[in-house]
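This report covers a protein chain together with DNA. It takes the DNA contacts and the domain arrangement in turn.

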Amino acid sequence: MPLESLNNKKIRMRYVLDKLKNEYPNSKCSLNYNSPFQLLVATILSAQCTDERVNKVTFNMFKNYPTVFKLNELSQKEIGKLIYSTGFYNNKSKSIKKLCEILISKYNGEIPKTMDELHELPGTGRKTANVVLGNAFNIPGMVVDTHVTRITNLLKFVKTINAVKIERELEKIVPHEDWTLFSHLLIDHGRATCIANRPKCQDCILAEYCPSKK
DNA sequence: CTCCCGATAT
DNA sequence: ATATCAGGAG
């Protein structure tokens with residue numbers, strides 16, 4: 001019984017992935033970065049903030065402070081000024097300042113490549129860690145953000161808003177090689193069509209697979 | 001669960 | 001006015 005329902009989800013997921021890949025052939029990370037460190041910082045900044053705004057902030061920030069060593073020359077307060085417009089600037093600047101210190105003292109300025117090590121870093125939860133693993137190091141990670149949470153629930157692939165549970169469920173359903181791409185596809189679709197609180201179901205390419213279609 | 005929090009669209 | 005934006009920490 002559980003096996004049958006899992007297989008059904010895997011089959012339905014193949015159709016959904018096929019549709020999404022066809023609709024968003026160039027789907028990829030929309031944060032701008034030139035190194036694993038920059039991606040980590042940009043992803044921390046992206047909490048409850050549009051990527052567009054993060055890119056505006058990091059454009060100037062990474063131009064003047066491109067490395068962990070350069071950025072660490074700034075105080076928390078100075079970092080806070082640079083990232084102010086992304087919101088939560090107090091928490092984020094505190095995380096980034098401490099992040100720089102730990103990366104330098106413990107990792108010789110490099111970015112660790114395991115979930116456990118990344119997750120211990122300030123401001124770095126599983127979502128951020130998986131973004132870095134997948135996009136900077138090509139290590140497949142299931143990123144569960146606001147779009148993935150919303151759309152996988154609407155599609156009834158999962159029935160929970162617990163990010164870890166969603167991650168575990170999706171890892172069973174989505175092919176391993178597509179884990180990183182999957183979040184990018186859903187983010188693209190969430191921005192273009194399956195928009196929070198006003199989904200454009202009439203224009204949705206997934207409508208025939210969506211139990212929540214209006 | 002609550003708090004952190006500015007920018008933007010509706 | 002209100003909801004939402006590539007969440008994380010306590």
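## Basis

The model is predicted, so local features need pLDDT of at least 70 and side-chain atom pairs count only at pLDDT 80 or more, while totals for chains, interfaces and linings use all residues. Residues are numbered from 1 along each chain as its sequence is written, chains are lettered from A and ligands numbered from 1 in the order in which they are written, and side-chain values use heavy atoms, with hydrogens and water left out.

## DNA strand C

A phosphate oxygen of DNA strand C lies 3.2 Å from a side-chain N or O atom of Arg150. For Arg191, the distance from a side-chain N or O atom to a phosphate oxygen of DNA strand C is 3.1 Å. His184 addresses a base instead: one of its polar side-chain atoms is 3.4 Å from a base nitrogen of DNA strand C. Helix H8 (126–136), helix H9 (146–154) and helix H11 (179–192) are the elements that give two or more residues to the surface near this strand. Helices (H or I, at least four residues) and strands (E, at least two) are DSSP runs, numbered from the N terminus. A polar contact is a pair of N or O atoms within 3.5 Å; within protein, one must be able to donate a hydrogen and the other to accept it, and residues adjacent in sequence count only if both atoms are side-chain atoms.

DNA strand C has 27 residues around it, and Gln48, Asp51, Thr128, His147 and Asn197 come nearest. Of the atoms of DNA strand C within 4 Å of the protein, 61% belong to sugar and phosphate. A residue is near a strand if one of its heavy atoms lies within 4 Å of it. The surface near DNA strand C is made up of 10 nonpolar, 12 polar and 5 charged residues. In this division Ala, Val, Leu, Ile, Met, Phe, Trp, Tyr, Cys and Pro count as nonpolar, Asp, Glu, Lys and Arg as charged, and the others, Gly among them, as polar.

## DNA strand B

The residues around DNA strand B are Gln48, Arg53, Tyr84, Ser85, Gly87, Phe88, Tyr89, Asn90, Asn91 and Arg198. Sugar and phosphate make up 62% of the DNA strand B atoms that come within 4 Å of the protein. By class, the surface near this strand has 3 nonpolar, 5 polar and 2 charged residues. Helix H6 (residues 89–107) gives the most to that surface, with 3 residues.

Arg53 places a polar side-chain atom 2.8 Å from a phosphate oxygen of DNA strand B. The backbone takes part as well: an N or O atom of the Asn91 backbone is 3.1 Å from a phosphate oxygen of DNA strand B, and a polar backbone atom of Phe88 is 3.1 Å from a sugar or linking oxygen of the strand.

## Domain interface

Chain A is assigned domain 1 (2–28 + 142–209) and domain 2 (36–136), with bounds from an automatic or database domain assignment. Their C-alpha centres lie 27 Å apart. Contact (heavy atoms within 4.5 Å) joins 9 residues of domain 1 to 7 residues of domain 2.

The two domains bury about 620 Å² between them, 50% of it on carbon and sulfur atoms. In domain 1, Val143, Glu167 and Thr180 lose the most area to domain 2, together 53% of what that side buries. Buried area is the accessible area (1.4 Å probe) that two parts lose on being put together, summed over both.
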